[in-house]
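Visitor: I would like to learn how to read the features of a structure like this one. Could you walk me through it?

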Amino acid sequence: MASMSDFLASHWLGAVLLLLSVMVMVFLRRDRSAALMCSSSIAAFALGGFFLTGKTISLDQVYNFGSVLMGFSVGCLVVQVGTLILGRIWSWQLAFGFSLIGLFAMGAWTEADLGAQIVEGCRLIRSIQFTQPIWLLLLGLIPFVIALARRSLSGLGRHRKWVAIGIRSSIVALLVLALSEPRINRLSENVSVIFLLDRSQSIPQEVDHEANLVDQIDSRWQRTREFVRNAVLLRGQVHERDRAGVILFGKRPKLALPPASVRDKFDIDDRMAGPIDGQYTDIAAALKLALASFPEGVGKRVVLVSDGNENRGSALDQAALAQQNGAEIDVVSVAPGKVTDEEVLVQSVESPPVTTTGSRLPLRVLLRNTSKSRVVRGLLELVRIGLTEDGSEKIEQVAIEQDQPQVLEAERGKPARILLQPGLNSLRYRDIPPKPGETSFSYRATFTPISSGLPSEDGRLTDVKMGLPNDRIANNRATSAVVLRGQRRVLFIEESVGGRSPHAHLIRTLLRAEIKVSAISPARLPAEPGDFSLFLTNFDCIVLANVPAEYFSRDQMEAIRTSVHDQGTGLIMIGGPDSFGPGGYQNTPIEEALPVECEIKSPLAAGKGGLVLIMHASEMADGNHWQKVIARLAIERLSAPDMVGVMQYGFGVGAAGVSWVIPFQTVGEDKSRLLAKIDRMDPQDMPDFDPFLTAAADTLANPDHNLSVKHCIVISDGDPQYGAAGQAATAKMAANSITCTTVGVATHGQAESTKMKGIAEATKDGRGNPGSYYEPKDPSQLPSIYIKESRRISQSFIYDKPFLPRHLIVGGMTEGIPKQLPALRGFVRTTYKESPLAQFRIEGPPIANDIRFPILASWQYGLGKAIAFTSDARTQPAENITGWDADWVESDLYKKFWEQSVNWALRPVEAGRMTLASEYREGRIRVTLQARDERDQPVNNLELDAKITVPRALRPGEPIPEITFKRKGPGLYEAEFESEEAGTYFVTVQGQRISGAEPNGALFDTARTGVTIPYSPEFADLDSNLPLLKQLADLTGGRYFTDDPESLTQLAQSAELFRNAPKTSRAYQSFWYWLIFAAGILFLFDVGVRRIAVEWIELRELGRDFWNRLRSTPEVQSSLTLEQLQRRKMEIDDKLERERAVRRFESSSPINEPAPPIADALPIARPVAPPQHRTTPATSETPEDMMSRLKKARDRAEHKRDQSSEPDRPT
Amino acid sequence: MTRSMRLGLFILLIISTALITSAIRGGLRSSADVVWGKRGVLDGDFVRPRAATIIGDRIYIVDFTARIQAFSLDGEYAGITFTTPDFRNGRPSGLGTDRDGNLIVCDSHYHMLRIYSPSGVELRQFGGTAGSAVGEFGYLSDCVQDGEGFYYLSEFGQNDRITKLDREGQVVTTWGVNGTGPGEFQRIRALALGPDGLIYVADACNHRIQVFDRDGGFVRSFGGPGREAGAFSYPYDLAFDPSGNLYVVERGNARIQQLTPEGQSLRSWGMPGSEPGQLADPWALAIDRQGRIHIIDTENHRVQRISF
């Protein structure tokens, strides 16, 4: 019975049609054959739907049975028409039969769908709501429209009049409906399910440690993936239109798969979302992203697969929001009740904040063994990390105190072997720190587990297992707070040339001035931003002496910037061809800290450079990728007024294949357009260099571009031909001071290298220097080559002629330096920063009086001071090397100038009058400051300016945490700030005494401290946070599941997760614009109906004539005598006349009309002429006839209008 | 109308349909007969195919992944894939057929000629020493063997010349230097033996075809850079059909030209693009016994077969 009702539900249309066919048979008795045809057609359609819906037939492939039948019937009908055309044979019966088969097939195709669509349509119509129903009153206009139209359209004849009236009324009705703003109110039955999968490191992994390393996969993650995949793919037919998406989250959520109604594939992969920082868990952010990702108008469900250990954000707050939004949170709790035992955490390294000289420093390392019963044996190492004289890291072992029960074996200079009891273990150390004033240092403790076992009564271990399988390495290490002291040390970063310092003379001069200078090459700096920040705290001033920006990572530069801004370190950039603009410091954090901008804003000053890049497909692995990297770098390094063009060999772009990826053009401020073009570049294998070199030479030599530096770079495997035309091009380059650098990438042999070297050497710049040839062996060398090369273009930054600098401000750092300065022989052009803090002390030669360039500029940047000296310090009298400052070296001011400059920039001396202590507790760092004056009396009237450096580089626009000290007691100040990140936080405080209400400007003292959060709280959590997960589910009405394999499988198969959402969402869809559109179309019809009259009789006659000619039924024609035909013609003429008389635009004057078509169609001369020779004047004349009538009507109307407008014309 | 008449009419209808279809096909000659192949690294796919030769009813194709693969002339993968021993320095870029029906592979970047059996077993090799002296080779681009067993090898890059070897691999003669004059070359991409016993040379960067007798005597040259009929842009490969017409594939113009052996252009086919009937950087062609032309449509990673 149920199946019967199901059948009827899907085939109700078929049933209705069948009923209709019976009714037609019963009620249409007058015309038996018509009734039979009609009802059998309807029945065929209905029966097709009944019997063939969804049926398939397998021939060579599986086909829909309906389609096969349809094909058959259409094929047969085509054949029949063919035989009709060729053989004048036609059988109505056969045609009807085939049509019936066609209808039967059509029923199979569409009956069920059509029924469903009608039902859906009815539902839609029922759900229409009107936003402005008041407008519906205007529907009352329709009767007036009809009344008016009846009168005005009475000339159209009966049928056309009613059609026109109908159309007009519809237009009015549609416009009224549109005004009332109808919208469909659909009750959404679909659900969108977004799976939030926790990828943080607190989720315990299930790895078979016995297996090979390769086979060690996390089966828990595999299971979760499988579960999500099955849950989505097995959600069943009913939920087919439901959507599913995936968000992976750790510290930040990432939308791996946006919600979509997937059917066949739903595989999740970690790679989909890019790297995920698993150090933290932010369920709240993931929920927020999920809520934002839900499509409109569907039920919303989040399936959260997590252990609930959140350490950022508040998931409960977001859950409340989700509840308001009608979203449900189902929770799958990962490893509920699982406690991460057999794990050792190094909880902290405690060291006293203030060290007293010479005394032994008590230290304590706290370790937690999380196992309830097992003891763990392992190695504990505590090291002091300091700094050697040359600036590199110095690590020394700290000795453990022997007389502790946990210590099994302690050898000097080696990690101690210890035994950890279950629970908290405290281990004591003692260290003699280095003398204060020498170096800063910190302590780091690291624990390495060896084995674990159950202690037995005889003191031996039973059930010994090697290693700690569940141990997480990340929490096996902790660092102490850093002890920081100012030492007036200068970090001098320079690149040594041939093992020698290019600034040796300056460094010696500074050392003579008793400034401690550590010269270091950028390659030896710690690469990790955290380590680099820690390293920088050892110095009070950083000097960047002619080092290009590419030697630093962005994070390193940011570390330098924050060290200046937040910790008061001084910064000096000394010029040279690799500094400032030509060194690529544009838009870097270091530029931000400098008192000058590295870009030259005025194109006048820049002296335009022109660069043409020629790209050849490389057979080197990733060669094409590197080409793009290089092209991008080269473009990024160019300044706005420079010009650039990129060529490649491309197919189908002219005989020579020269295709300009970037036509030669000015770089401009916005480089993104050019960079996008580079990304789309696809260089091909170039047959010869010649057309490219010719194009490059012609372009760069073009005097219209007005280029001061012209350069071309070719990157190739050396394979293309370099013929006579190419040699002519390189000769032209040499004549026009164009250099060409060639880079041989994966050349095939010496011959190719020689050829490319030949190209480079054939070109010459203005001074006769040839282009360079490079042959990198490793693609990663390519960028640095290109940077060096593109720097040739940026030589427009450099002014290298002697000039007399003008000393503008004497005093401060230039106190005692004469107003008249010796000449300098060059400098780098920069732009002075418009800031009240910046001081423009020495100036170089200006351009046109109003474009001025600083030689020495200084400013206060945050807590630190920064100096830009745009000339160089490369002169070394001892080695006979002369730089731009050769004349300064010889004068007396050299030592004085540099000593005063560096001293000005150095961080203020930490006199020890302020001491800082800091501690980390529950996500907050508390800093306590004690201030005492020279007589050891507490100082209460201090204005404290404090800055924090956070462990990671801030994103642009991210607010810097603020810190404010409040006085808590005599000379005691306290401040607190939130700290979530693992790593070292630095706090720097500068104190000024307040005299009266204002600070008196005199610095009381500065103090710094560092506090290290050893590891993310992610690793402190040992078990799942079930209460939170349950709360999330309860709050939003979701359900709670666990992740054991069996229940996951069941859950996936039950389609439970796709059950109807609690609050079925409504989707409102307005469609008034469609109504307007329809009204517009109808309006056209309205005009059409009134203007164009269809001669039904003519059409009928035409059709009959056509059919007769097809059949060429001679019986009929031969029976017509001429008289009969003429009589018929007269009849038709009369009829047409009557019709035309009622036509509106018909003129009353007689028109020379052609004879009615039927007249010409008469086979007058040859009544039984062969059909192929018959002409068809009727068909060719009818449209002409109608067109000409319309045209005449228009002419008459225009004529009338002209006449009527005549009197208005001015005479 | 009798039943037999109706039957006759029906048959007439079918015949006329067939005739119309074939007429339409004839009218749409510009599109290729067969287009096959797709980009991929699995067997049967290729990445930028660069040279081809036909042995019997199989076409051998080498691509930028250095794989030499065999296909039927309709594009069905014949199950043979092999590579030269080493291709880190570069991939083979010329294929030829010797008179025993073996496959000649120009291991271009290893300066040697390798001869493989049709199933991919290496039979012998010549050369292997880089250099400019006689018997040393630069970048080998193509090789043909004549009826008497002499091999003709073309090189470019370091040396722009043709070397004639006897069947033991001993140098008989060499000719050609870099240049633009008669008998001078800039990048010989391919060789073909004409039915007239002459050697036709695709002098790619001079955009011309040069003709020599088998001892290196210059006979004639034709072509020149351009887009018009009879001119060439980077002619990269050439071959003769059984009726003695010369076909040249032009990389720059993305077309095939049919010429008389004297260089008079008869017809051309192809235009730049990626639709069937369009070519993207075609590098090579091969002509089978029926005179059908198999064009290696390199940047479209496919083969198009046409017949003029």
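Guide: Let us start with a helix on a sheet; please keep in mind that this is a predicted model. Helix H20 of chain A, residues 750–762, lies across S28, S29 and S30 of chain A.

Visitor: At what angle does H20(A) run to S29(A)?

Guide: The angle is about 165°. Angles over 145 degrees count as roughly antiparallel, so the helix H20(A) and the strand S29(A) are roughly antiparallel in direction.

Visitor: In what order do the strands of that sheet come?

Guide: The order in chain A is S27-S26-S25-S28-S29-S30, an open sheet of six strands with mixed pairing.

Visitor: Which strands stand at the edges?

Guide: Those are S27 (658–666) and S30 (773–774) of chain A. Each has a single partner strand, so one side of each is left without a neighbour in the sheet. For S27(A), a pairing to look at is the one with S26(A), residues 643–649, which is antiparallel and has six bridges. Within the sheet, A:Val644 stands opposite A:Gln665 of S27(A).

Visitor: Which helix touches S25, S26, S27, S28 and S29 of chain A?

Guide: That is H18(A), residues 690–701, which packs on the sheet. The direction of H18(A) makes about 170° with that of S25(A).

Visitor: Now a pair of helices, please. At what angle do H8 and H25 of chain A pack?

Guide: H8(A), residues 219–233, and H25(A), residues 1045–1054, pack at about 20°, and their axes are 8 Å apart. That angle makes H8(A) roughly parallel to H25(A). As for handedness, their crossing is right-handed.

Visitor: Which residues make the contact between H8(A) and H25(A)?

Guide: From H8(A) come A:Arg223, A:Phe227, A:Asn230 and A:Ala231. H25(A) brings A:Pro1045, A:Leu1048, A:Leu1051, A:Ala1052 and A:Gln1053. Sorted by class, the contact of H8(A) with H25(A) has six nonpolar, two polar and one charged residues.

Visitor: How should I read the side chains along a strand?

Guide: The general idea is that in a regular strand the side chains alternate between the two faces of the sheet. Strand S39(A), residues 924–931, is a case where the side chains alternate. A:Ile925, A:Val927, A:Leu929 and A:Ala931 point to one face and are buried. A:Arg924, A:Arg926, A:Thr928 and A:Gln930 point to the other face and are not buried.

Visitor: How many bridges join S38(A) to S39(A)?

Guide: Eight bridges join them, and the two strands run antiparallel. A:Leu916 stands opposite A:Leu929 in S39(A). Strand S39(A) is also joined to S42(A), residues 972–978, by seven bridges, again with an antiparallel run. There, A:Arg924 stands opposite A:Glu978 of S42(A).

Visitor: Let me turn to single residues. Is A:Leu534 buried or exposed?

Guide: A:Leu534 has 26 other C-beta atoms within 10 Å, and 20 or more count as buried, so A:Leu534 is buried. A:Leu534 belongs to helix H12(A), residues 529–536. Along the chain A:Leu534 and A:Pro951 are 417 residues apart, while their C-alpha atoms are separated by 9.6 Å.

Visitor: Where does A:Arg825 lie?

Guide: A:Arg825 is in the loop between S32 (806–807) and S33 (827–828) of chain A. With 19 other C-beta atoms within 10 Å, A:Arg825 is partly exposed. Leaving aside residues up to four places away in sequence, A:Arg825 touches A:Asp800, A:Pro802, A:Trp884 and A:Ala886. Of these, A:Ala886 is 61 residues from A:Arg825 in sequence and 7.6 Å away in space, C-alpha to C-alpha.

Visitor: What about chain B? How many helices and strands come up there?

Guide: Chain B comes to one helix and 26 strands, while chain A has 31 helices and 46 strands. Of the 308 residues of chain B, 44% count as buried; for the 1211 residues of chain A, the share is 40%.

Visitor: Which strands form the open sheet of four strands in chain B?

Guide: They are S20-S21-S22-S23 in that order, with antiparallel pairing. S20 (235–240) and S23 (265–269) of chain B are the edge strands, each pairing on one side only. On average, neighbouring strands of this sheet are turned by 20° against each other, direction ignored. Five bridges pair S20(B) with S21(B), residues 246–250, in the antiparallel sense, and B:Leu238 stands opposite B:Val248 in S21(B).

Terms used: Residues numbered from 1 in each chain as written. Chains lettered and ligands numbered in written order. Predicted model: local features only at pLDDT ≥ 70, side-chain atom pairs only at ≥ 80, totals over all residues. Axes fitted to C-alpha atoms, helices over the stretch in contact; angles between N-to-C directions. Parallel < 35°, antiparallel > 145°, perpendicular 65-115°, else oblique. Left-handed = near helix turned anticlockwise from the far one by under 90°. Contact = placed C-beta atoms within 7 Å. Nonpolar A, V, L, I, M, F, W, Y, C, P; charged D, E, K, R; others polar. Pairing = 2+ DSSP bridges. Buried ≥ 20, exposed ≤ 12 C-beta atoms within 10 Å, placed from the backbone.
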